[in-house]
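Got your viewer open? Let's take a walk through this protein, one selection at a time.

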Amino acid sequence: MAVVVGIGRSVAFSSAAELSFLIEGLGQRVDVIQLEVGRLNGVFQSEVIGGAVLLSITTNRRLLLYGERQPGVISVSLEVNGQLDHHAAHGQRIDDPFTVTGMKPDLSEIYCQLSAGSGNLFALVRHAQFDAFARSCGHPRVADCLYEANQQRLTPMAFAGLRQAMLNRLERPDCFAGPHATEQLFTILLEALMCEQEGSFVPFKQTSRAHVVKDFVRWSLSDELAPVGLEEVSQRVFSSRRTLIQGCQESFAIGPMELLRYIRLHRVNAALADPSIRQKLGLERVQEVARHYGFLSRGHFARAYQDLFECSPAATLMASS
């Protein structure tokens with residue numbers, strides 16, 4: 001796990017690009033896309049605890065996170081505000097408020113949705129170390145079940161204990177430093193995952209539509225951003241139009257072309273806010289950047305940008321100067 005630096009304090013973010021930059025500071029590249037209109041406000045915090053990292057992300061808008069997972073790293077994550085309307089991990093909805101997710105070690109991608117109003121805690125740990133720790137403590141069942149499930153339903157008491165322990169370590173990291181810090185965190189995680197209620201591990205399943213949608217997200221976040229229609233998009237992800245539309249509605253409550261438009265708007269927003277991106281592209285004016293990312297109508301682009309970010313593209317550009 002390539003940890004660069006612990007943030008060590010709460011940092012406010014007001015755009016998906018800012019959150020992506022904060023996560024990248026921990027050595028993990030993730031694309032962040034806002035999935036609903038309105039000004040984004042959130043808070044990010046991270047702490048290095050021994051050989052692990054604790055993260056906290058709160059957001060007032062629904063977000064999609066996608067990126068290549070760091071090899072050998074798993075995440076134990078939970079939502080603490082009871083906001084699960086659109087929470088999902090790898091296409092699996094999270095509908096139980098006492099669920100932890102993200103533990104399956106053989107997934108190569110980060111692919112999750114965070115609900116509007118949610119508070120999210122993540123413990124990023126090296127799988128090999130946690131696996132060895134669980135087995136040495138006499139709990140091979142927990143280690144083995146991680147390969148079968150990416151979600152586990154805890155008892156309310158186990159969930160509350162894990163939630164509070166993670167919050168305590170974020171708020172008072174100095175109290176949990178030293179050579180045994182990683183082992184202390186592993187103990188907390190293992191105690192929660194030892195939950196013995198029947199059916200606590202949720203088998204990992206992805207429908208064919210969920211696979212298509214993930215392929216669509218992966219393609220949409222590539223550099224292939226020339227204007228395309230729904231028919232061409234469907235062909236590029238080897239899907240029927242109907243399957244792609246239904247899959248996006250099930251996963252994101254929006255259609256594929258609307259999702260593609262949001263992704264392009266975020267690309268424009270990141271470029272307008274960052275002079276280094278514009279310099280790399282050899283672009284400077286708003287309309288040049290918009291056209292580069294597939295927006296050919298000035299009026300339609302300006303309205304869509306204003307609606308999503310509650311800010312004009314000119315204002316974003318001016319703020320970066």
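Below is a list of stops, each with something to select and something to look for.

**Stop 1: colour by confidence.** Keep in mind that this is a predicted model. The chain's mean pLDDT is 89, and 93% of its residues score 70 or more. Now pick residues 1–7, where pLDDT stays under 50. The model gives this stretch 24 contacts beyond four places in sequence. Where pLDDT is low, don't read the predicted coordinates in detail. So let's move on.

**Stop 2: the largest nonpolar core.** Select F216, V217, F252 and L265. Among the 39 residues of the largest nonpolar core, these touch the most other members. Which elements give two or more residues to this core? They are β5 (63–68), α6 (208–220), α7, α8, α9, α11 (286–292) and α12. Helix α9 supplies the largest share, with eight residues.

Zoom in on V217 next. Leaving out residues up to four places away in sequence, V217 touches L64, Y66, Y111, F252 and L259.

**Stop 3: another core.** Apart from the largest core there is another one, made of 36 residues. To find it, select V76, L162, A181 and F201, which are among its members.

**Stop 4: two helices that cross.** Show α9 (residues 256–273) together with α12 (residues 298–309). At what angle do they pack? It is about 85°, with the two axes 11 Å apart. That is why α9 counts as roughly perpendicular to α12.

Turn on the side chains where they meet:

- From α9, take R261, Y262, L265, H266, V268, N269 and L272.
- From α12, take F301, A304, Y305, L308 and F309.

What kinds of residues make up this contact? Nine are nonpolar, two are polar and one is charged.

**Stop 5: L308.** Stay in helix α12 and click on L308. Is L308 buried or exposed? L308 counts as buried because its relative accessible area is 0%. Not counting neighbours within four places in sequence, L308 is in contact with Q34, E36, V37, G38, R39, Y262, L265 and H266. Want to try the distance tool? Go from the C-alpha of L308 to the C-alpha of Q113: they are 18 Å apart in space, and 195 residues apart in sequence.

**Stop 6: H90.** Jump to the loop between β7 (88–89) and β8 (92–93), where you'll find H90. This residue sits in a loop, yet H90 is buried, with a relative accessible area of 5%. Which residues does H90 contact, leaving aside neighbours within four places in sequence? Select L107, E109, Y111, N150, F204, Q206 and K214 to see them. You've met Y111 already, as one of the residues that V217 touches.

**Stop 7: two residues with positive phi.** Start with F238, in the loop between α7 (230–236) and α8 (241–252). F238 isn't a glycine, but its phi is positive, about 55°. Switch on the surface: F238 has 76% relative accessibility, so F238 counts as exposed.

Then hop to A253, in the loop between α8 and α9. A253 has a positive phi too, near 60°, and A253 is also not a glycine. How much of A253 is accessible? Its relative accessible area is 41%, so A253 is described as partly exposed.

Notes: Residues are numbered from 1 along each chain as its sequence is written. This is a predicted model: local features need pLDDT of at least 70, side-chain atom pairs count only at pLDDT 80 or more; totals for chains, interfaces and linings use all residues. Side-chain values use heavy atoms; hydrogens and water are left out. Axes are lines fitted to C-alpha atoms, for helices over the stretch in contact, and angles run from 0 to 180 degrees between N-to-C directions. Helices (H or I, at least four residues) and strands (E, at least two) are DSSP runs, numbered from the N terminus. Angles under 35 degrees count as roughly parallel, over 145 as roughly antiparallel, 65 to 115 as roughly perpendicular and the rest as oblique. Contact means heavy atoms within 4.5 Å. Ala, Val, Leu, Ile, Met, Phe, Trp, Tyr, Cys and Pro count as nonpolar, Asp, Glu, Lys and Arg as charged, and the others, Gly among them, as polar. Buried means under 20% relative accessible area, exposed over 50%, partly exposed in between (1.4 Å probe, protein chains only). pLDDT is the predictor's confidence in each residue, from 0 to 100. A nonpolar core is a set of buried Ala, Val, Leu, Ile, Met, Phe, Trp, Tyr and Cys residues joined through side-chain atoms within 4.5 Å.
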